[in-house]
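Please open the structure in a viewer and keep the selection tool at hand. The tour below proceeds stop by stop.

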Amino acid sequence: MSNIHYYLIESSILPEVYTKVVKAKRLLLTGEARSVSAAVKLAGISRSAYYKYKDKIFEYTKTGEDTVVVTAKLDDNAGVLSAVMAVLYQAGANVLSVNQSIPVNGVADVTMTVSLSDAAEKSGELLEKVKKTVGVRSADLL
């Protein structure tokens with residue numbers, strides 16, 4: 001078995017085909033291109049170049065201090081999760097993912113990954129607003 005090595009490289013030094021492969025992959029993921037043929041045409045590369053590199057090059061996205069995980073226990077009532085999302089939206093936070101368990105004894109566990117890069121408030125202030133939302137029994141930051 002061969003050892004696989006990974007490198008983090010600034011895109012400006014890469015051959016243009018690599019960045020175009022990443023662009024084609026992004027076009028497919030976002031739905032801007034409905035097929036590989038359309039994606040490679042928009043990216044300006046051949047299908048063979050795309051297939052040669054598609055499983056070998058990935059775009060690095062940095063998640064740092066501006067990304068937090070909020071865990072909460074919510075009452076099983078209509079609109080509670082929506083109200084929490086409204087608090088996050090009004091603060092300028094971007095919800096990256098939401099996972100909710102099936103409610104047990106009228107309470108659902110919810111985990112939200114939130115980007116605060118554009119938020120006007122710090123994570124502690126935002127958490128306090130979430131805690132004050134009607135139907136939120138508890139909320140914490142991981």
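The stops that follow lead from one helix to a core, a cavity and a second core. The model is a predicted one.

**First stop: helix H4**

Select residues 80-90, which form helix H4. Which of its residues are buried? They are Val-80, Val-84, Val-87 and Leu-88. These four lie on the same side of H4, because they cover an arc of only 95° around the axis. In general, an α-helix has 3.6 residues a turn, so residues three or four places apart point the same way. Now turn to the face directed away from the buried side: the exposed residues Ser-82, Tyr-89 and Gln-90 are found there. Beyond the helix, select Gly-92, which follows H4 and has a positive phi, near 85°.

**Second stop: what covers H4**

Add strands S1 (67-75), S2 (94-100), S3 (107-115) and S4 (136-141), together with helix H5 (123-131); these are included in what covers the buried residues of H4. Then centre the view on Val-84. Leaving aside neighbours within four places in sequence, Val-84 is in contact with Leu-74, Met-112, Val-130, Thr-133 and Val-136.

**Third stop: the largest nonpolar core**

Val-84 also belongs to the largest nonpolar core, which has 20 residues. Val-84 is among the residues with the most contacts inside this core, as are Leu-74, Leu-88, Met-112, Val-114, Leu-116 and Leu-126. Two or more residues of the core come from each of S1, H4, S3, H5 and S4.

**Fourth stop: the cavity**

How many cavities of 30 Å³ or more does a search of the whole structure find? The search finds one. The largest cavity holds about 40 Å³ of space. To locate it, select its lining: Val-68, Val-70, Leu-88, Val-114, Leu-116, Ser-123, Leu-126, Leu-127, Val-130 and Leu-141. H5 gives the largest share of this lining, four residues, and S1 and H5 each supply at least two. By type, the lining has nine nonpolar residues, one polar and no charged.

**Last stop: a second core and Ala-43**

Apart from the largest core lies another, of 13 residues, including Val-21, Ala-24, Ile-45 and Tyr-53. Next, select Ala-43 in helix H2 (residues 36-43). Is Ala-43 buried or exposed? With a relative accessible area of 7%, Ala-43 is buried. Not counting residues up to four places away in sequence, Ala-43 touches Lys-20, Lys-23, Ala-24 and Leu-27. Finally, select Arg-26: the C-alpha atoms of Arg-26 and Ala-43 are separated by 9.9 Å, and the two residues are 17 residues apart along the chain.

Terms used:
Residues numbered from 1 in each chain as written. Predicted model: local features only at pLDDT ≥ 70, side-chain atom pairs only at ≥ 80, totals over all residues. Heavy atoms only, no water. Buried < 20%, exposed > 50% of the residue type's maximum accessible area, 1.4 Å probe, protein only. Arc of directions from axis to C-beta. Contact = heavy atoms within 4.5 Å. 1 Å grid on protein atoms, 1.4 Å probe; cavity = no way out; pocket = protein on both sides within 12 Å on 5 of 7 lines; lining within 4 Å. Points joined across faces, edges and corners; volume = space filled by probe spheres on them. Nonpolar A, V, L, I, M, F, W, Y, C, P; charged D, E, K, R; others polar. Core = buried A, V, L, I, M, F, W, Y, C linked by side-chain atoms within 4.5 Å.
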